[in-house]
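Reader: I have a chain to go through. Please take me through its fold and packing.

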Amino acid sequence: MAFTLYSLLQAALLIVNAVAVLHEERFLRHVGWGSNQGIGGYGEEPGIKAQLTNLIQSVRTIMRVPLIALNSITIILLLLFG
């Protein structure tokens, strides 16, 4: 398989899919990445853990419908062109 722009986009789509399916109660809280953990005080810079938790929640919220469309398009393209 050659390294093309399409394969790079496919890899990015797989990573976003992996982030979107992380379940908070089943996985994230067991490793200490729950939504209520790691919250700093007012005026403090959020740490990397809090920023990644916010990123995961944002991807799960905002990218739900676009991921369905992108996955459908990717499946159709793979069926048509191999």
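Some short questions and answers follow.

Author: This is a predicted model, where local features need pLDDT of at least 70, side-chain atom pairs count only at pLDDT 80 or more, and totals for chains, interfaces and linings use all residues. Residues are numbered from 1 along each chain as its sequence is written, and side-chain values use heavy atoms, with hydrogens and water left out.

Reader: Which pattern does the chain follow along the sequence?

Author: Helices (H or I, at least four residues) and strands (E, at least two) are DSSP runs, numbered from the N terminus. The chain has 4 helices and 0 strands. Its pattern is α-α-α-α.

Reader: What percentage of the 82 residues is buried?

Author: Buried means under 20% relative accessible area, with a 1.4 Å probe and protein chains only. Of the 82 residues in the chain, the buried ones make up 16%.

Reader: How do the axes of α1 and α4 cross: parallel, antiparallel, perpendicular or oblique?

Author: Axes are lines fitted to C-alpha atoms over the stretch in contact, with angles from 0 to 180 degrees between N-to-C directions. Those of α1 (residues 5-20) and α4 (residues 64-81) come within 11 Å and cross at roughly 140°. Angles under 35 degrees count as roughly parallel, over 145 as roughly antiparallel, 65 to 115 as roughly perpendicular and the rest as oblique. So α1 is oblique to α4.

Reader: How many charged residues are in the contact of α1 with α4?

Author: Contact means heavy atoms within 4.5 Å. Y6 and L13 of α1 are among those taking part, as are L67 and T74 of α4. By class, 8 are nonpolar and 4 polar; Asp, Glu, Lys and Arg would count as charged. The contact has no charged residues.

Technical notes
Buried means under 20% relative accessible area, exposed over 50%, partly exposed in between (1.4 Å probe, protein chains only).
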